[in-house]
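This report describes the fold of one protein chain, from its sheet to its helix contacts and then to local backbone features. The sequence and the structure are shown first.

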Amino acid sequence: MILLTGAAGFIGFHTAQALLARGERVVGVDVMNDYYDPALKEARLTILQENQHFNFYKTDIADPDAIQSIMKAHPAIDRIVHLAAQAGVRYSLESPYAYGRSNLDGHLVMLEAARHCKGLTHFVYASSSSVYGGNMKQPFSTDDPVERPVSLYAATKRAGELLTQSYSHLYGIPATGLRFFTVYGPWGRPDMAYFSFTRAISEDRPIDVFNHGNMKRDFTWIDDCVAGVLGALDHPPADGEDAYCLHGTPHRLFNLGNNRPEKLLDFIELIEKALGKTAEKIMAPMAPGDVVETYADIDAAHAVFGYDPQTPLNEGIPRFVAWYNGFYA
Ligand SMILES: NC(=O)c1ccc[n+]([C@@H]2O[C@H](COP(=O)([O-])OP(=O)(O)OC[C@H]3O[C@@H](n4cnc5c(N)ncnc54)[C@H](O)[C@@H]3O)[C@@H](O)[C@H]2O)c1
């Protein structure tokens with residue numbers, strides 16, 4: 001049985017569906033906050049709740065008593081997939097405490113849950129490409145130093161990795177952190193550029209093109225991301241001995257990206273093509289907290305659990321736009 005946090009979120013919803021499809025029992029937790037339209041979270045949840053193997057708690061992961069009572073109610077939980085977080089780089093400039101609560105306190109509560117979970121075999125959690133911050137070396141490798149976060153969001157995700165390292169070291173918790181790279185697809189996040197650009201262009205509103213379009217992103221199609229989450233989940237680090245384990249602890253970090261950075265302007269063109277409309281682009285300077293390029297080295301994930309992303313952006317964007325048009329029709 002799997003405890004899945006952030007189950008009503010974008011990646012959590014798809015992960016829950018994939019786990020349920022292979023016959024797992026899933027206990028989902030999500031606080032259903034209004035960082036973006038909660039109706040989208042409710043719609044995802046409605047689909048998940050059609051499956052009798054899915055159990056849901058509307059709960060804040062930063063509440064230790066609430067999480068403890070969920071763990072007590074489900075002694076069969078043997079794996080934790082922790083995806084709940086306050087996401088988004090720009091919002092972390094406006095609402096810093098939301099990041100402290102969900103990503104620091106909440107992460108610690110989940111580690112405590114893992115520590116006291118008797119039959120725990122694996123703690124898998126979401127980190128982010130943003131931890132690479134101002135790094136110039138490309139592609140980003142999990143061996144690179146990550147000491148230069150350029151946003152509070154990035155700092156909290158890196159903190160989650162360090163908190164996990166200490167728990168894995170102290171209590172022998174088998175743990176895997178996944179650094180996701182710009183995940184996109186149906187049921188996605190309205191705050192992310194692919195979604196907000198699609199919405200703005202389809203409603204004939206202008207879009208802000210940051211750093212005058214001189215940006216690149218390694219985009220990951222949601223099904224590729226979920227295949228990576230399940231692959232990682234099924235390959236817990238046994239004993240801290242293998243080459244990917246950090247400092248002799250059973251804790252590993254992997255990049256889940258596409259290994260293919262795409263230019264921002266090419267990505268906008270794909271959305272325009274899929275919508276059959278031309279965007280009114282407002283060229284803007286670099287936004288605070290943003291990075292110019294992300295590019296994932298995915299060799300380690302490939303070597304350990306066969307991670308092999310299949311979907312290029314020119315296939316994924318039309319599929320996303322088709323979902324968008326259907327959902328908001
Ligand atoms: N989508 C991406 O491109 C991307 C990239 C890098 C990292 N990530 C990470 O992946 C994870 C999932 O991201 P997502 O894109 O699905 O985001 P999302 O916002 O759609 O999902 C996160 C979910 O967590 C829930 N949540 C937030 N704080 C909570 C709390 N205190 N208690 C309980 N639930 C809480 C939210 O309500 C939301 O439903 C996050 O940890 C995020 O930081 C995502």
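## Central sheet

In this predicted model, seven parallel strands make up an open sheet, and their order is S3-S2-S1-S4-S5-S6-S11. The edges are taken by strand S3 (54-58) and strand S11 (251-256); each has a single partner strand, so one side of each lacks a neighbour in the sheet. On average, neighbouring strands of the sheet are turned by 20° against each other, with direction ignored.

One pairing within the sheet can be followed in detail. Strand S1 (residues 2-5) and strand S2 (residues 26-30) run parallel and are joined by four bridges. Among the residues involved, Thr5 has Val29 in S2 as its bridge partner.

## Overall dimensions

The protein chain contains eleven helices and 13 strands. Its C-alpha trace spans about 55 × 45 × 35 Å along the principal axes. The radius of gyration is 19 Å; a compact globule of 329 residues would have a value near 20 Å, so the two agree.

## Helix H5 on the sheet and against H6

Helix H5 (residues 96-116) lies across three strands, namely S1, strand S4 (79-82) and strand S5 (122-128). Relative to S4, H5 runs at about 170°.

H5 also packs with helix H6 (residues 152-171): their axes come within 10 Å and cross at roughly 15°. An angle under 35 degrees counts as roughly parallel, and H5 and H6 are therefore roughly parallel to each other. Their crossing is right-handed. On the H5 side, the contact is made by Pro96, Tyr99, Asn103, Leu104, His107, Leu108, Leu111, Ala114 and Arg115. These meet Leu152, Tyr153, Thr156, Lys157, Ala159, Gly160, Leu163, Thr164, Tyr167 and Tyr171 in H6. By class, the residues of this contact are twelve nonpolar, five polar and two charged.

## Helices H7 and H9

Helix H7 (residues 193-202) packs with helix H9 (residues 264-275) at an angle of about 45°, and their axes are 10 Å apart. That angle makes H7 oblique to H9. The crossing of H7 and H9 is right-handed.

In this contact, Phe197, Thr198, Ile201 and Ser202 of H7 meet Ile268, Ile271, Glu272 and Leu275 of H9. Five of the residues are nonpolar, two are polar and one is charged.

## Helices H1 and H8

Helix H1 (residues 10-21) and helix H8 (residues 222-233) have axes that come within 10 Å and cross at roughly 65°. The crossing of H1 with H8 is right-handed. H1 contributes Ile11, His14, Thr15 and Ala18 to the contact, while H8 contributes Ile222, Cys225, Val226, Val229 and Leu230. The contact of H1 with H8 holds seven nonpolar and two polar residues, with no charged residues.

## Local backbone features

Where does the chain hold a cis peptide bond? The bond joins Gln138 and Pro139, and its omega is about -10°. Pro139 is located in the loop between S5 and H6. Both of these flanking elements appear above: S5 is among the strands that H5 lies across, and the axis of H6 comes within 10 Å of that of H5.

Trp187 has a positive phi of about 65°, although this residue is not a glycine. Trp187 sits in the loop between strand S7 (183-184) and H7. H7 is the helix described above as oblique to H9.

Key. Residues are numbered from 1 along each chain as its sequence is written. This is a predicted model: local features need pLDDT of at least 70, side-chain atom pairs count only at pLDDT 80 or more; totals for chains, interfaces and linings use all residues. Two strands pair if DSSP finds at least two bridges between them. Helices (H or I, at least four residues) and strands (E, at least two) are DSSP runs, numbered from the N terminus. Axes are lines fitted to C-alpha atoms, for helices over the stretch in contact, and angles run from 0 to 180 degrees between N-to-C directions. Two residues are in contact if their C-beta atoms, placed from the backbone, lie within 7 Å. Angles under 35 degrees count as roughly parallel, over 145 as roughly antiparallel, 65 to 115 as roughly perpendicular and the rest as oblique. A crossing is left-handed if the near helix is turned anticlockwise from the far one by less than a right angle, and right-handed if clockwise. Ala, Val, Leu, Ile, Met, Phe, Trp, Tyr, Cys and Pro count as nonpolar, Asp, Glu, Lys and Arg as charged, and the others, Gly among them, as polar. The radius of gyration is taken over C-alpha atoms; the globule rule is 2.2 Å times the number of residues to the power 0.38.
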